[in-house]
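Below are my notes on the model, set out as numbered points. Please read them with the structure open.

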Amino acid sequence: MIVPSIDTLNDEALRFLQPGGFALGPAVKTGDWLEKHEQWPLAWRLWARAGLEKQAETPFRDMATWDGRDFARRIVVARRMRHVGAELRLVRFLPRLVEQGGQVVAYLDPRVAPLARRSFPGVDVRILAELIAHPGADFGPDDRAAGFEDLGAAFAPDRATVAASWRPLIPDPARTAQARAFTGGGGIGVSWASDNPKKRPPALDQWGELFDALPGPILSLQYSPAADDLALLSDLSGRFLHDPAIEPRHDLEGHAAQIAAVDVVVTVSNTAAHMAGALGKACVVILDDEQIGIWPVTGDRVAWYPSLRLVRRNQRPWSAVMAEAAAVARSLVGSAGLQKISHGR
């Protein structure tokens, strides 16, 4: 895939931001590429403008937009665009509003709301469906609407502030203990597929090489796993575990608990990567040669998530990639952790 240069992207962004020059789809794509180059100032401006375009389709349409400075008003935040992975990444900005003296109402995906309530008790967390069902029912003329892209522009305009913005989500302690008991203590969490058909993850049989290189129980973190996939992965390792009581696609609380319970996560680019990063769990993200997602174009670090390490295919055989992923996972856990998961404690 051809990676556009920063200069080209900057020119495109400035053109979109000219009066009459905005085009929603291309502008969002340019913003996404700017993020991959860690060029956030213009990326946030494009996304904020895109959010305003999308606002016309939401219950926010009759509310004035927060200007990024006035914290005296009640600020009503909701996701205007993107997906649940973006919400996991961006809810960190909500307590910043509270710290500045704001009264914050956040309408979140119901799968994310319990995590946000537990993690950020100063925020009035509500369910997004309530906003859709009763638009404006609780809003006053002085309230202001904000999308997460507006919060990013206010609080994380560059790489340094993005990196400093991380605040961990807190999983449910009781469910985490249950997940830990299910594995026998610690282990490796794995997720091997994505809903995005443009991604090209390693074939399932390649995971056997990683399983052989890492000790301890192996816990499925995969959403909606196919029965054939589970059977094959179980054949590849007698240590493979799957808890049918937790479906990560619908139960992000259970997903968070499973991730918190293991010692390290190894996953392709999907929700498991975002959840591990949001929790601060040691995690290896295996990337194919398509530039998809928030991941930077180079390097093995992600400004959003300090606990993540990226392993890129770079046109190599998958066997070499999986060997590297296993080595990075071992380094993240450390010798003490490896000893623990080797004995299943």
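1. Gln-258 has contacts with Ala-179, Leu-219, Ser-220, Leu-221, Asp-243, Ile-246 and Pro-248, once neighbours within four places in sequence are set aside. The residue belongs to helix α13. Its relative accessible area is 3%, and it is therefore buried, the cut-off being under 20%. Please bear in mind here and below that this is a predicted model.

2. His-255 is also in helix α13, which covers residues 252–261. With a relative accessible area of 1%, His-255 is buried. Beyond residues up to four places away in sequence, His-255 touches Leu-221, Ile-246, Pro-248, Thr-271, Ala-272 and Met-275. Leu-221, Ile-246 and Pro-248 appear in the list for His-255 and again in the list for Gln-258. As a general matter, an α-helix has 3.6 residues a turn, so residues three or four places apart point the same way.

3. On the overall build, the chain has 15 helices and ten strands. Its radius of gyration is 21 Å, close to the 20 Å that the globule rule gives for 345 residues, so the chain is as compact as a globular protein of that length. The C-alpha trace spans about 60 × 45 × 35 Å along its principal axes. Among contacts with a separation of 6 or more, 71% are between residues 24 or more positions apart.

4. On burial and surface, 54% of the 345 residues count as buried. The chain exposes about 14400 Å², and carbon and sulfur atoms supply 52% of that area. There are 39 positive and 40 negative side chains. The centres of these two sets lie 3 Å apart.

5. Which residues have the most contacts inside the largest nonpolar core? They are Val-77, Leu-94, Leu-97, Leu-108, Leu-151, Trp-295 and Trp-304, in a core of 68 residues. Helix α3 (residues 40–55) gives the most to this core, with seven residues. Apart from it lies another core, of 27 residues, which includes Ile-188, Leu-204, Leu-214 and Ala-282.

6. Trp-304 deserves its own entry. Leaving out residues up to four places away in sequence, Trp-304 touches Glu-35, Trp-40, Trp-44, Arg-89, Leu-90, Arg-92, Phe-93, Val-162, Ser-165, Trp-166 and Ile-294. That list holds other tryptophans, among them Trp-40 and Trp-44, and it holds charged residues too, including Glu-35 and Arg-89.

7. Helix α8 (residues 148–155) is mostly covered, with six of its eight residues buried. The buried ones are Phe-148, Glu-149, Asp-150, Leu-151, Gly-152 and Phe-155. Leu-151 is one of the residues with the most contacts inside the largest core. Note that Glu-149 and Asp-150 are on the buried list as well.

8. Gly-31 sits in helix α2. Is Gly-31 buried or exposed? Its relative accessibility is 0%, so Gly-31 counts as buried. Gly-31 touches Ala-43, Leu-46 and Trp-47, not counting residues up to four places away in sequence. From Gly-31 to Ala-50 the C-alpha distance is 9.8 Å, and the two are 19 residues apart in sequence.

9. Glu-38 is in the loop between α2 (24–36) and α3. It has a positive phi of about 60° although it is not a glycine. At a relative accessible area of 22%, Glu-38 is partly exposed, because buried requires under 20% and exposed over 50%. Aside from its neighbours within four places in sequence, Glu-38 is in contact with Arg-159, Pro-296 and Ala-303. Gly-254 is 216 residues away from Glu-38 along the chain, and their C-alpha atoms are separated by 32 Å.

10. Asn-314 is another non-glycine residue with a positive phi, in this case near 50°. Where is Asn-314 placed? It lies in the loop between β10 (308–312) and α15 (318–342). With 54% relative accessibility, Asn-314 counts as exposed. I would look at the backbone of Asn-314 and Glu-38 on screen while reading these two points.

Technical notes
Residues numbered from 1 in each chain as written. Predicted model: local features only at pLDDT ≥ 70, side-chain atom pairs only at ≥ 80, totals over all residues. Heavy atoms only, no water. Helix = DSSP H or I, 4+ residues; strand = E, 2+ residues; numbered from the N terminus. Rg over C-alpha atoms; globule rule 2.2 N^0.38 Å. Buried < 20%, exposed > 50% of the residue type's maximum accessible area, 1.4 Å probe, protein only. Contact = heavy atoms within 4.5 Å. Areas by Shrake-Rupley, 256 points an atom, 1.4 Å probe, with all protein chains shown as cover. Lys, Arg positive; Asp, Glu negative; His and termini not counted. Charge placed at Lys NZ, Arg CZ, Asp CG, Glu CD. Core = buried A, V, L, I, M, F, W, Y, C linked by side-chain atoms within 4.5 Å.
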